[in-house]
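Me: I have a model open and want the reasoning behind its descriptive terms. Please take my questions in turn.

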Amino acid sequence: MVTSTSPAETAAPTTRSLPDDDGTGGVLSGPWRALTLGIVSVVLLLAFEATAVNTAMPTAAQQLDGIGLYAFAFSAYFTTTLLAMVVSGQWCDRSGPLAPLFSGIAVFAAGLVTAGTAVNMWMFVAGRAVQGLGGGLVIVALYVVVGRAFPERLRPAVFAAFSAAWVLPSILGPVISGAVTQHLGWRWVFLAVPVLVLLPLAVMGPALRRSEKSQPPSRAGAYDWRRTRDAAMVALGAALLQYAGQRLDRWAPLPAVAGLALLGPAVLRLLPRGTLRAVRGLPTVILLRGIAAGAFFASELFIPLMMQTQRGLSVTMAGLTLAPGGLSWAFGSWLQGRPGAERHRGALIRIGFVGTAVAVGGAALVLFPAVPVWVTAAFWAVGGAGMGLAIASISVLMMKLSKPEETGGNSAALQLSDALGNVLLTGLAGVLFAALGGGAVGAPAHGADGGSALPAGAFAAVFLTMPVVALVGAALSGRATAKAGA
C-alpha cells in the first residue's frame, strides 16, 4: 500500500488556484479533464498494486523460501515511504510537484522490477523498500498537484475521486492478482504495473506542465535538512529494531538499542509535543492515527497467508477475503460524514477501534477447522467499517483542533504517525510470527492433503496482540477531544 488511508481523508495543501477559473465547470471539464483523469489513473494503479500485493505475497514468500521475512516485505515499504514523504514535501515546495512526481514514479517502477525479478527474499524486500521510496514521493506530489492545479471549489471533488479509486481495486485486485499468480506467476503482478502507468503519465504530462508554467516562482525557504535527517533516523531506527527482532539471539540487543537510540529522539522532534504521552486534544488525535493504521494493517497482511496455509484456499479466494473490508471502509467513511455525526465524533472513534479489535480477533477463528472460511470475510467487513469511522473521524478532528496556519504541519504529522504505526506494529507482528515458528519453514506452505506447514500459534500471536493494541486506542479515544471550555 502507498498509504494506509484513502487520499480523501488527508488535508489538501493550501496553495494557489489557477488564474483562469471562471467559477463554472467540474473536474472533467476542459481545463482540468486530462489532469483529473491522469492523476486518478495513477492513484487507481497504485491502489491496485497495493491490493494485489496482499494476494500475491504469500506465494512470492513461499517460492523465495522467505516466509520468515514475510512481514518485512511490507514494513520495508512503509519504512522508506516515511522518509520519502518528508523529502517530497520539501522538494515540492521548492520546485513544484513535477520533478518529485515523475521521479517517484520512475523509482516506484524500479522497485517493482527489482521485486519482480528477485532471486531471493532479501532482494525482494529490497525491491519493496525501493517501491516505498517512489510511493512516498508520488503520494505527496499528487496532493500538491491538486492544491496547485485545481481551484479550491474543485478540490473536494478531486479527493472524492481519489477515494473512489480505491474501491474498485479492493474488489477486482484480489481476483486479477490471484488469476495472474496462478496462471502466469506472482512475478507478473509486479512486472506489469510499470507498463500500465505509462498511459496516465502521457495523458496528464502536458496538462501538468501547463499548470506549472502558470504558477508564480516558489518562495520556499532553505531546505530543512533537519527534518530529512530526523526522518532518516526514524527509518533506520525502525529497520534496526526489525532486524533485532528477526535475529532473536544473544546479539539482538545491540541493533535493538541502536534502533531505539535513533528512533526515539527523532520521533519526538517530528511529532507534536505530547503525542507519545497522549496529551488531551491534538497530540492524542495524532497518536490514535498510528495506532489505528498499525493494528489493522499489521493484521490484514497475514490474512491471505493464513487462509492459504491453514485452510488450503487458492490465491484468489484468499485475497478475496479482504474485499469486504474495502467496501465497508467506504461505507464507514460515508457514515461519519452524515448530518449530526459531528457531535458524536469521539464516540465514533471509540466505536471504530472496538470494531477493529473485534474484527481482528474474529478473523483468527478460522484457525479452528470447524469454523467456515466466510467468517473471516464477515469479520473483516466489520473491521473495514470500524476503520472508516475511526480514520475519517480522526482526520476531521485534527482539522477542527488545528489553527489555520498549523493545518499543513499537523496534516504531515498525521501522515507520519500513520506510517510510523504501520512500520512498528507490522515489525512487531513479524517478530511474533517468526518467534513462534512462522519463519522456520521455507518449503511449500501446505501439502497435498491441505495440512499446514506453518504453526497456527504463529498466526494466533499476531491476531491476539493486535486487538489489544486496538483496545488501547479505544481507551485513549476519550482524550481526543479537548476539555470543555478549552
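Me: Which residues in α1 meet which residues in α6?

Reply: This is a predicted model. In it, Leu44, Ala47, Phe48, Thr51, Ala52, Thr55, Ala56 and Thr59 of α1 meet Pro169, Ser170, Gly173, Pro174, Ile176, Ser177, Gly178 and Thr181 of α6. The residues of this contact divide into 8 nonpolar, 8 polar and no charged.

Me: Why are α1 and α6 called oblique to each other?

Reply: Helix α1 and helix α6 (residues 167-183) pack at an angle of about 50 degrees. Under 35 degrees would count as roughly parallel, and 65 to 115 as roughly perpendicular. The angle lies in neither range, so the two helices are oblique. Their axes are 8 Å apart, and the crossing is right-handed.

Me: What makes a set of residues a nonpolar core, and how many residues has the largest nonpolar core here?

Reply: The members must be buried residues of the listed nonpolar types, joined through side-chain atoms within 4.5 Å. The largest such core has 131 residues. Those with the most contacts inside it are Ile39, Phe124, Phe302 and Phe463. Helix α1 (residues 33-63) gives the most to this core, with 16 residues.

Me: What does Phe124 touch, not counting residues up to four places away in sequence?

Reply: Phe124 touches Met57, Ala60, Leu64, Ala73, Ala115, Ala118, Trp186 and Phe190.

Me: How many helices and strands has the protein, and what share of it is buried?

Reply: There are 19 helices and 0 strands. Buried residues, those under 20% relative accessible area, make up 57% of the 486 residues.

Technical notes: Residues are numbered from 1 along each chain as its sequence is written. This is a predicted model: local features need pLDDT of at least 70, side-chain atom pairs count only at pLDDT 80 or more; totals for chains, interfaces and linings use all residues. Side-chain values use heavy atoms; hydrogens and water are left out. Buried means under 20% relative accessible area, exposed over 50%, partly exposed in between (1.4 Å probe, protein chains only). Helices (H or I, at least four residues) and strands (E, at least two) are DSSP runs, numbered from the N terminus. Contact means heavy atoms within 4.5 Å. Axes are lines fitted to C-alpha atoms, for helices over the stretch in contact, and angles run from 0 to 180 degrees between N-to-C directions. Angles under 35 degrees count as roughly parallel, over 145 as roughly antiparallel, 65 to 115 as roughly perpendicular and the rest as oblique. A crossing is left-handed if the near helix is turned anticlockwise from the far one by less than a right angle, and right-handed if clockwise. Ala, Val, Leu, Ile, Met, Phe, Trp, Tyr, Cys and Pro count as nonpolar, Asp, Glu, Lys and Arg as charged, and the others, Gly among them, as polar.
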